[in-house]
Amino acid sequence: YIETLLLRGSELPAEAREQYLRTCLQHCRSLGRRVAELFELSKLESGQTVLQAEPFCLAELINDLLQNYTIAAQSRGVTLHLADNADRQAQVLADIGLIERVLQNLIDNALRHTPSGGRVELMVSAAGSAVHVQVRDNGHGIPSADLPHIFERYWTKPAPDVDAASAQSTGLGLAIARRILELHGS
């Protein structure tokens with residue numbers, strides 16, 4: 001697209017030039033996300049990331065995140081909420097920034113793969129000294145044959161009912177989430 005703009009920019013109608021520029025911008029943003037995620041995963045795997053563990057209420061962090069995702073969910077026609085029966089008092093000792101990153105990756109995936117009219121629900125429950133978080137949606141699901149691959153770097157499989165703009169994934173989000181949870185002994 002850039003080469004075409006450089007070679008034929010003045011010959012192209014304004015509408016075509018604008019579309020080419022929008023496409024370039026979209027690809028630049030995608031590349032920027034991939035590079036940032038590669039650096040993040042590299043730091044996690046090399047041991048350069050040091051946990052800054054502190055006690056915090058997991059439901060409060062989730063509520064803050066859900067507020068940040070409200071507009072994105074509404075624009076996709078998806079209901080996003082914390083389950084009514086979630087343990088709103090569950091405390092964890094963890095790196096809040098890294099756990100936030102895990103939750104962002106899971107919510108991003110759920111929103112990307114939930115059709116309009118669908119719902120994404122987060123659940124927090126305590127079981128002894130462990131705290132469990134579930135992100136549930138009514139999207140198309142993951143075929144059982146694909147489950148062994150979802151934490152592999154770069155592994156993506158576009159869903160048949162997800163449009164191309166929404167399906168953009170670097171294939172690194174779940175690998176990052178897994179590594180963060182491993183650092184927490186989870």
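1. In this predicted model, helix H3, which spans residues 58-76, lies across strands S2, S4 and S5. The direction of helix H3 makes an angle of about 170 degrees with that of S2. A second helix, H4 (residues 96-112), also packs on the sheet and touches S2, S4 and S5. The direction of helix H4 makes about 20 degrees with that of S5.

2. The sheet on which these helices rest is open and consists of three strands, arranged in the order S2-S4-S5 with mixed pairing. Strand S2 (79-82) and strand S5 (130-137) each have a single partner strand and stand at the edges, so one side of each has no neighbour in the sheet. From one strand to the next, the twist averages 15 degrees.

3. Strand S4, comprising residues 119-127, runs antiparallel to S5, and eight bridges join the two. Within this part of the sheet, Ala126 stands opposite Val131, a residue of S5.

4. Attention may also be drawn to one residue of helix H4, namely Val102. Is Val102 buried or exposed? The relative accessible area of Val102 is 5%; the cut-off for a buried residue is under 20%, and Val102 is therefore classed as buried.

5. Which residues does Val102 touch, leaving aside those up to four places away in sequence? The contacts of Val102 are Ala177, Ile180 and Leu181. As for Asp137, 35 residues separate Val102 from Asp137 in sequence, and their C-alpha atoms are 17 Å apart in space.

Note on methods: Residues numbered from 1 in each chain as written. Predicted model: local features only at pLDDT ≥ 70, side-chain atom pairs only at ≥ 80, totals over all residues. Heavy atoms only, no water. Pairing = 2+ DSSP bridges. Helix = DSSP H or I, 4+ residues; strand = E, 2+ residues; numbered from the N terminus. Axes fitted to C-alpha atoms, helices over the stretch in contact; angles between N-to-C directions. Contact = heavy atoms within 4.5 Å. Buried < 20%, exposed > 50% of the residue type's maximum accessible area, 1.4 Å probe, protein only.
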